[in-house]
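Open your viewer, colour the model by chain and keep the selection tool handy. We'll hop from one stop to the next, and at each one I'll tell you what to select.

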Amino acid sequence: MIPHFFKDIITRLEQGIYPHIIILAHMVLGTALVYTSPRSNLAFLVLITSFFTLYYFKTDRRFKLIVGAVLTLFIFPVVGVRNIFYLEVIFQISVFAALALGLNIVVGFAGLLDLGYVAFYAVGAYLWAFFGSQQFYVLPFAPGTQPSNLPFLLPGDAFYLFMFIAILIAAITGILLGTPVLRLRGDYLAIVTLGFGEVIRVLANNLDKPLNFTNGPQGITPIQRPTMPLAAVDGFNALFGGLVGHDVSPADMYNVMFYLLALGVIIVIVFVTRRLDDSKIGRAWTAIREDETAAIAMGVPLVRMKLAAFAVGASFAGVMGVLLAGSRTFISPESFSFMQSIGVLSMVILGGSGSIPGVILGAATVTILNLQVLQGLSLYLSQLRQSDAVIPIINFAWANLSNQLDPAKYQRLLFGLILILMMIFRPEGLIPSQRRKRELAHDEDDNGK
Amino acid sequence: MTKRFWIVFSLLIAVGMVFIGPAAAADQIIKIATQSPLSGDNSAVGVDIKRGAELALEQMSAPLAKMGFKVELAPFDDQANPDAGVANAKRIVSDPAILAVVGHYNSGVQIPSSEVYHTSGLANVSPANTNPKVTTRGYLEVNRIVGRDDVQGVVGADFAAGKKVKSVFVVHDKTAYGQGIAEFFKKRAEEKAMKVLGFEGTEEKANFDSLLSPILAGNPDLVYFGGMYGQAAVLFKQAREKGYMGMFLSDDGFDSTDAVKIGGQTLLDGAGTFYSTVSGPATIYPGTAKFITDFKAKYNASPQPFAAQGYDSMGISLKAIEAAAKAGGNKLPTREAVSKAIRALQDYAGITGKFTFNSIGDPTVAKYFVIQVTSPDPAKWNDNPVVETLDIAPPK
Amino acid sequence: MKRFLKSINIPELIRPLGQLVFFSLGTTIVLSAIVLVFALILDRTVVGQTLFERLNVSLFTYTLINLPQVAIDGLTIGFVYAAIALGYTMVYGVLEFINFAHSEIFAVGAFVGVEILIALDRFGILAGASLVMAYVYLILAIVGGMLAAGGLAVAVERVAYRPLRHASRLVPLISAIGVSFLLQDAIRLVESLTTGQFNRIFPTFGNFDRRVILGKMALGTTNITLGVSIKSIIVIVSAVLMLVALNYLVNATKVGKAIRAVAQDHPTASLMGIDVNRIISLTFLVGGMLGGAAGVLYALKFTRIDAFVGFFPGLKAFTAAVLGGIGNMTGALLGGIVLGMLETYAGSYMGVFTMGAAGTEYKDIFAFSILILVLIFRPQGLMGANVAQKA
């Protein structure tokens, strides 16, 4: 009975004016919370989750677009400038969402498990790191021994050009790496791509001799950023200065700029992905994923389609690599470990491979878990340890809790658990793709007969 | 199905939030953050940097407590990953209670993260970053208490020259730290007319057989390793077992009892094993012995390299905050005041040396020691004698 | 007694031994020839001159004098790879599934073995042990590691793979990657809660570190000693024993027949009255035990282990299994030996041949390149039959 009662309420809430009210209420509540307590994780999560209310409830498109625009273009920048940690979280969510969307094309659409996906991210990052820094003039020097006053090769504004070049270069890398191995079966391909990922990282680590291309483990720094027009800073201050409460410096403004750039890239990526999914290529990928032999029989050009998936996925990562290099002004091989590839994979798996909103949800969840929840729990535990608090009932002093129990330390455990639990209990992900949903519904009908 | 999952998901988040909800921020709380890799391959050292800092906070926050401040530690895990480091840095600067950061083990993480500290005026004392670029950017906020790669490599090479070494084989661990030292060692060794028979980097942690064949063939007077004990000791042991009888030399990454647990008697055979370090032995800094006892008592493990530096970095931060608070009439000092107070410290007596910082945040004179391994017993690691002491100012 | 002796299938004991000797010799000869040819070609070039200036010896002599030691080193690591590779290949043979977590099962074996020895050492038992007892303790540690690793492998299969047996190919693989990551941190969690240490170190006892000198050769101004340490001999002998025993189990016993039947066809095997689930568990048990033993041997040979110790050996052993033809046990032996040799030869000579531009740091890349090349040109591996892909 009670479930029915809830069901009724939920159905009621999904009709008429209610969705609009819920969405607005969630958004306003989140904004108000963040605004009043700018350092609270809880408040920030309420705000971030308003995106998913927005996605979940059915309203007309225009309303959704307007609310989405207000959230991303007005509320996030203002709130983010008040506490730049939020902006960093949103930026990283965007970066990982773009990576996850790229990997989603390879894993979710074409069904090719790529375990070395960060290789393409590295290609993009090192592309701008090389051309956007002094590295060209460091070529003949061993790492660390170069003179300090070298010129830059290109002006910082070439950054925008390189965002496009990176698409091309990463796609070419994808094709080059893909061509020899795409004939392999799924599980072999996974291991080979893992190998490729490692090869790229080891190359980044070792190409400091005979010519110093990557500066080895020391990494490349400083990397230039595009110039920040003062008008933008002044404009932002004039528009939002009152809300922010303090004058925004150009350094803070860079955070906003990179966030907006990442957002722009994501919008383009989502658009491209959706068009691809609905196109002939998308259907060919599905066919390959479901049954390769049948796909060949139906005349799907197997290798070409697989290469297309690899190239498209790679290009997304390439752009994000350039963005990362620009925003960090520092790139070293540590950012491109196998761990990162698995992190992105777990985002795709958690959200639902093949599903665009799912993958974004996965990226957001894992990033927030990693940056906010685990770190937050660790901080909280450490506070408890330093206090005199005692767990009631069992009468255990927090101060006696082992120092080893530090949730932030066990990130791999988290990724591992996500992968195993999702595979066993919900392989289609939190938000299954539409196509998967249809298939599953179909299966249930079959069982019903 | 989706709906149910969505509801469960929201509930989970809500529950999670209750746990990590904001602690009511009273004005009189001072927090000092640590950032080091608590997870992943570097966690052994990273965890002990945090523990060292934690211990220092416990032992040395009394003066601040008397002034009415509650001092807390805020440990962060940078995962040895620049992304995580920068995100944490932004989180740290957004917490007004945090007045200083003890941090970073990897220079690759420290450099981008300290850009964030710099823009927010937050003081950073680095316990372990030896890359010259850490301080050469000239930020007021960034200090370090360790020597620089370009010095330590030179110390090693000068020591080798003093030992009449004619030929040397240089190996490093392909990290920013190990390679940095090794490059400068090689440069200096060539200046001192030593024959550099080879210069190799390796991420290998176990099987050094293939690296050893050129070493054995060249039979150099000295094998230099830039990197950490975990690789160095294994390499030295395997080299000795294969009949190499020359001298081994490494850097302060070698300073760990685990080194002799791994290498055992092999480190003493032949021409012996030496390491250069910035952290002196107990006989020179009496505090070190007490630190090791206290550390063992609290954590039931011997301190890894850089734990003592973590302790000192925290000590310096506390001292500077105290000074800044006193100067401001026992009020909560600003971040800028703390940064300036760190630079103003004169001869802070830590357990790894006396510290005064120069205009870019390097210690004005760093003491370097070359220590010889003389006992295969891990318990006697701290009795290893100093064979050479050098006072070297950082290059300008 | 007589019947027991009669029931032993002697050819099945001798055959793998012959294969091992043949593979080892063959690989050594082929690789040595290749390296020597390279050396001859490069001797006249600037590479040879540089070496001559530095060591006062020609490149060809340098290569030749170093060869025996390189071959022995390569063989030792090759046998370790082979022992791990057998775990991958057995599971693949039966389930057509890459057990990505095998590398962590290997690591758990290493940890349990080392912890047993450290515990013994703490009670002062190891320090005063006689030579015979030292070997007894070592065997104890190996058996402990085997049991723990075997048990863990069975448990992992039961929890994380069995529910997914009928899902598409990638699903259990992703789950296995999850298990691998989970176990890495689980080991670390357990170690840090109990011992507080990150590194675990194989205690020094017995005569394992001693080196048997086989000869001395002059190289320029120095002498190269040719020798093999006792622990390397232990590694090789134990690996050979395990390989022979496994070969016997699979090819000459009833259980082995059941394993082969299940590998060929699950439903049919089950129709023949074979309990498929039990056989699969058994496969994981045996594969895990081999991995565990390899883990302890690895710790003996290389002294230091940590929670992430399994990753690279695991990956290389997988490469070895693929190189030999995954699913094929003889192939795993060959693959392990060839990979270990190739890696050691490449690591030892590449630095000299390229004048330091590309040295041992590319050793790992070398293994991956081989994997990629094999998969492209001969996906069935050196010894595998060309099996059509199952959907």
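**Stop 1: where chains A and C meet**

Select chains A and C: 35 residues of chain A are in contact with 36 residues of chain C. "In contact" means that the C-beta atoms of two residues, placed from the backbone, lie within 7 Å. Before going on, know that this is a predicted model, where local features need pLDDT of at least 70 and side-chain atom pairs count only at pLDDT 80 or more, while totals for chains, interfaces and linings use all residues. Residues are numbered from 1 along each chain as its sequence is written, and chains are lettered from A and ligands numbered from 1 in the order in which they are written.

Now highlight α8 (158-181), α9 (186-206), α15 (338-351) and α17 (411-425) of chain A, each of which supplies at least two residues of the side that touches chain C. Helices (H or I, at least four residues) and strands (E, at least two) are DSSP runs, numbered from the N terminus. Which helix gives the most to this side of chain A? That's α9(A), with 11 residues. Colour this side by residue type and you get 22 nonpolar, 7 polar and 6 charged. Here Ala, Val, Leu, Ile, Met, Phe, Trp, Tyr, Cys and Pro count as nonpolar, Asp, Glu, Lys and Arg as charged, and the others, Gly among them, as polar.

**Stop 2: a covered helix in chain C**

Next, pick α12 (311-324) of chain C. α12(C) has 14 residues and reaches 20 Å from its first C-alpha to its last, close to the 20 Å expected at 1.5 Å a residue. (The expected span is 1.5 Å times one less than the number of residues.)

Is α12(C) mostly covered or mostly open? Mostly covered: 12 of its 14 residues are buried. A residue is buried if 20 or more other C-beta atoms lie within 10 Å of its own, exposed if 12 or fewer, and partly exposed in between, with C-beta atoms placed from the backbone. Among the buried ones are C:P313, C:L315, C:F318 and C:V322. Show what covers them: this includes α9 of chain A, the helix from Stop 1, together with α4 (59-95), α5 (102-122), α11 (276-302), α13 (329-353) and α14 (363-377) of chain C. Just after α12(C) comes C:G325, whose phi is positive, near 110 degrees.

Step back to C:F308, in the loop between β4 (304-305) and α12(C). C:F308 counts as buried because it has 20 C-beta neighbours inside 10 Å. Add C:T27 to the selection: C:F308 and C:T27 are 281 residues apart in sequence and 30 Å apart in space, C-alpha to C-alpha.

**Stop 3: where chains B and A meet**

Show chains A and B, where 53 residues of chain B are in contact with 51 residues of chain A. On the chain B side, α1 (2-20), β2, α4 (82-93), α5 and α8 each supply at least two residues. The biggest giver there is α1(B), with 10 residues. The chain B side divides into 24 nonpolar, 16 polar and 13 charged.

**Stop 4: inside chain B**

Hide chain A and look for the open sheet of 5 strands in chain B, in the order β2-β1-β3-β4-β5 with parallel pairing. Two strands pair if DSSP finds at least two bridges between them. The edge strands, β2 (70-77) and β5 (142-144), each pair on one side only.

Zoom in on β3 (98-103) and β4 (123-126) of chain B, which run parallel and are joined by 3 bridges. Select B:V102 and you'll see it stands opposite B:V125 in β4(B).

Then select α8(B), residues 176-191: its 16 residues should span 22 Å at 1.5 Å a residue, and its end C-alpha atoms are 23 Å apart, which agrees. α8(B) is mostly covered too, with 12 of its 16 residues buried, including B:Y177, B:I181, B:F184 and B:F185. Those buried residues pack against α5 (107-120), α7 (149-162), β6 (167-172), β7 (195-201) and β8 (222-226) of chain B. After the helix comes B:A193, with a positive phi near 65 degrees.

**Stop 5: two domains in chain A**

Finally, colour chain A by its domain assignment: domain 1 (1-82) and domain 2 (83-448). Such bounds come from an automatic or database domain assignment. The C-alpha centres of the two domains lie 26 Å apart. Their contact takes 15 residues from domain 1 and 20 residues from domain 2.
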